[in-house]
Amino acid sequence: MTAIRYELIKTCRQTGARLGRVHTPHGSFDTPAFMPVGTLATVKTMSPEELKEMGAGIILSNTYHLWLRPGSDIIKEAGGLHAFMNWDRAILTDSGGFQVFSLSEFRKIEEEGVHFRHHLSGEKLFLSPEKAMEVQNALGSDIMMAFDECPPYPATFEYMRKSVERTSRWAERCLKAHKRPEDQGLFGIVQGGEFEELRRQSAADLVSLDFPGYAIGGLSVGEPKDVMNRTLEFTTPLLPSNKPRYLMGVGSPDSLIDGSIRGIDMFDCVLPTRIARNGTLMTSTGRLVVKNAQYARDFRPIDEECDCYTCRNYSRAYIRHLIHCNETFGIRLTTYHNLYFLLRLMEKVRQAIREDRLGDFREEFFERYGFNKPNAKNF
Ligand SMILES: [Zn+2]
């Protein structure tokens with residue numbers, strides 16, 4: 001019995017996007033799905049009750065951060081991450097690899113693993129496939145990620161080839177070290193940058209290891225959006241259709257739609273929560289920077305079409321005032337709205353797939369959001 005099961009409900013006749021459902025030991029969620037990010041076992045300023053109220057079926061948490069603070073031993077003692085943070089729906093944890101490669105300045109990659117220094121204290125640390133599995137087994141997430149190398153963008157073909165081969169060897173070690181396959185599903189991560197040949201090799205290596213799901217890594221790392229879309233076009237068909245596909249680190253509204261069209265089922269990104277904290281909001285007619293002077297006397301809601309808690313109760317002028325004064329309540333209101341906006345967007349995407357009109361939906365959404373304008377301010 002495997003911990004994670006993917007059910008394909010239907011494919012959009014207009015685009016090929018997939019409507020599905022992922023079943024986990026902590027309930028099921030509908031796909032394509034957006035996963036809010038709760039780095040330190042909390043989606044910043046939101047309570048688990050609020051996340052449920054807005055319809056989140058799965059959240060993501062970061063292995064690297066929890067391993068260091070408070071320590072995976074403490075979370076294990078609490079009964080695992082679900083009990084520790086009082087969240088009874090699904091949780092996905094990353095492997096820690098991305099943070100090691102992006103936060104730590106002093107790192108040395110060896111076959112065995114990666115030596116690096118703590119991004120705050122400078123303490124010497126070591127992370128390997130076995131260690132990443134041990135920590136995630138202690139956290140008890142429903143979906144765990146294999147420990148992979150995240151090469152910088154751009155990287156040369158030769159560097160990327162060596163990296164892909166190492167990531168495949170590490171994936172095999174992760175599978176061997178994973179102690180709880182019956183209650184935690186381990187996903188493999190396809191790497192290879194923008195190189196079709198390497199994506200092909202990476203996917204073939206990982207698919208032969210028969211993971212319960214696959215992620216596409218190494219995208220949304222600074223490459224232009226057309227490179228990401230092209231890479232998805234030749235990568236997703238390499239993955240088995242009976243397993244979920246997760247595009248890591250993507251959360252702008254246009255990329256969520258374009259990724260779904262290319263067969264992606266799961267997404268995560270800090271974008272909606274991060275931009276909320278400085279007062280940038282996603283709305284049905286585009287980006288709104290509530291700090292701007294033009295909103296000082298604007299008593300309309302953030303998004304007149306939104307029925308979230310924030311938009312039902314508070315005005316742009318009030319939220320602008322709170323954000324200007326660095327009031328926590330302001331950040332809570334903007335965070336709530338942005339997450340609600342993306343979760344509703346994915347609901348609309350699923351409805352459009354159900355009705356075989358995701359292509360039309362994309363056109364309408366892009367037009368209203370302003371993505372079609374030549375100087376569109378995207379995220
Ligand atoms: Zn709202």
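**Exercise 1.** Determine which residue of strand 9 stands opposite His115, and place this pair in its sheet.

*Solution.* His115 faces Phe126 in strand 9. The model is a predicted one, in which local features need pLDDT of at least 70, side-chain atom pairs count only at pLDDT 80 or more, and totals for chains, interfaces and linings use all residues. Residues are numbered from 1 along each chain as its sequence is written, and side-chain values use heavy atoms, with hydrogens and water left out.

Next, strand 8 (residues 114-117) is joined to strand 9 by four bridges and runs antiparallel to it. Strands here are DSSP runs of E with at least two residues, and helices are runs of H or I with at least four, numbered from the N terminus; two strands pair if DSSP finds at least two bridges between them.

Finally, the open sheet has the order 7-8-9 with antiparallel pairing. Strand 7 (107-109) and strand 9 (124-127) are its edges, each pairing on one side only.

**Exercise 2.** Establish whether the two faces of strand 5 are covered or open, and identify the bridge partner of Leu60.

*Solution.* Ile58 and Leu60 lie on one side of strand 5 (residues 58-61), Ile59 and Ser61 on the other, and all are buried (under 20% relative accessible area, 1.4 Å probe, protein chains only). Both faces are thus covered. Strand 5 pairs with strand 6 (residues 90-93) in the parallel sense over four bridges. Within strand 6, Leu92 is the bridge partner of Leu60.

**Exercise 3.** Locate Ser252 and state whether Ser252 is buried or exposed.

*Solution.* Ser252 lies in the loop between strand 13 (245-247) and helix 10 (253-261). With a relative accessible area of 7%, Ser252 is buried.

Definitions and conventions:
Buried < 20%, exposed > 50% of the residue type's maximum accessible area, 1.4 Å probe, protein only.
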